[in-house]
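Student: I would like to go through this model step by step. Could we take it as questions and answers?

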Amino acid sequence: MATANKTCSLGRRMYRFAATLSGVIALLIILWGCTANDFNAKAIAWKTYSNSRYGFEFPYPSNWTSLAAPENDDGIAFISPQDNSVEIRGWASQQLPNNRESVKKIKSNFQTAQGVSGVLVVEVSQQVGKVTLTLTQSQVKYCLQGRSKSQDFQNYYRFFYYIAQRYRILKP
């Protein structure tokens, strides 16, 4: 009986390893495709969304449609005219004192063109790929997210990254 348990345990570990390894390989393949130099920011007509409540702004393509802004004016979402599953969202919120400690533990891995450091996270599931930028200044948490279907994510990664680089905080 002990041999059967060891075999099942070993089999489960091998399966988990293979599943993890295949997930990592899939992510690397997707991100490798994201390094393609086919994104040309100059070919896009840009507008700038500005949020007066929290004092932030970011560029978005002028032909994208904005979704209804929330009543609290904490941000906005824009969708692509070619595919409404491709979107850019920007928002901000006040940090609760307890949440500030957990945010400080995460090391910055990104810097905007403005020089503000933050955390950029790339997540790709079977359905959705997304890039999320989080910046924290004083008691405000600023977020920007670009998302698309996972199979199209490699076509949008550089586009989302470009917008994240140009995210600006206007209020000190």
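The turns below deal with strand pairing, aromatic rings and a pocket in a predicted model.

Student: In which sense do strands S4 and S5 run, parallel or antiparallel?
Tutor: Strand S4 covers residues 75–79 and strand S5 covers residues 87–94. They are joined by 5 bridges, one of which sets alanine 77 of S4 against arginine 89 of S5. The sense of the pairing is antiparallel.

Student: Which residue of S9 is the bridge partner of tryptophan 91?
Tutor: S5 also pairs with strand S9, residues 140–149, in the antiparallel sense. That pairing has 8 bridges. In S9, the partner of tryptophan 91 is cysteine 143.

Student: What kind of aromatic pair do phenylalanine 56 and tyrosine 142 form?
Tutor: The model has 19 aromatic pairs. In this one, the ring centres are 6.1 Å apart and the planes stand at 75 degrees. Planes over 60 degrees apart count as one particular kind, so the pair is edge-to-face.

Student: How many residues apart in sequence are the parts that this pair ties together?
Tutor: Phenylalanine 56 belongs to strand S2, residues 56–61, whereas tyrosine 142 belongs to strand S9. Both residues are buried. Because the two rings sit in these two strands, the pair ties together parts whose separation in sequence is 86 residues.

Student: What kind of pair does phenylalanine 56 form with tyrosine 167?
Tutor: Here the centres are 5.5 Å apart and the planes differ by 10 degrees. Planes under 30 degrees apart fall into another of the named kinds. The pair is therefore stacked.

Student: Where does tyrosine 167 lie?
Tutor: Tyrosine 167 is 111 residues from phenylalanine 56, and the pair links distant parts of the chain. Tyrosine 167 is buried, as is phenylalanine 56. Its place is the loop between H3 and strand S10.

Student: Which helix gives the largest share of the lining of the second largest pocket?
Tutor: This pocket has a volume of about 160 Å³. Its lining includes Trp64, Asn155, Tyr156 and Phe159, and ring pairs place Trp64, Tyr156 and Phe159 in a cluster with other residues, among them Trp46 and Phe110. The largest share, 3 residues, comes from the helix spanning residues 153–165, namely H3.

Student: How many charged residues does the lining of the second largest pocket have?
Tutor: By class, 6 of the lining residues are nonpolar. A further 5 are polar, including Ser62 and Gln82. The number of charged residues is none: there are no charged residues in the lining.

Notes
Residues numbered from 1 in each chain as written. Predicted model: local features only at pLDDT ≥ 70, side-chain atom pairs only at ≥ 80, totals over all residues. Heavy atoms only, no water. 1 Å grid on protein atoms, 1.4 Å probe; cavity = no way out; pocket = protein on both sides within 12 Å on 5 of 7 lines; lining within 4 Å. Points joined across faces, edges and corners; volume = space filled by probe spheres on them. Helix = DSSP H or I, 4+ residues; strand = E, 2+ residues; numbered from the N terminus. Pairing = 2+ DSSP bridges. Phe/Tyr/Trp six-rings, centres within 6.5 Å; stacked < 30°, edge-to-face > 60°. Buried < 20%, exposed > 50% of the residue type's maximum accessible area, 1.4 Å probe, protein only.
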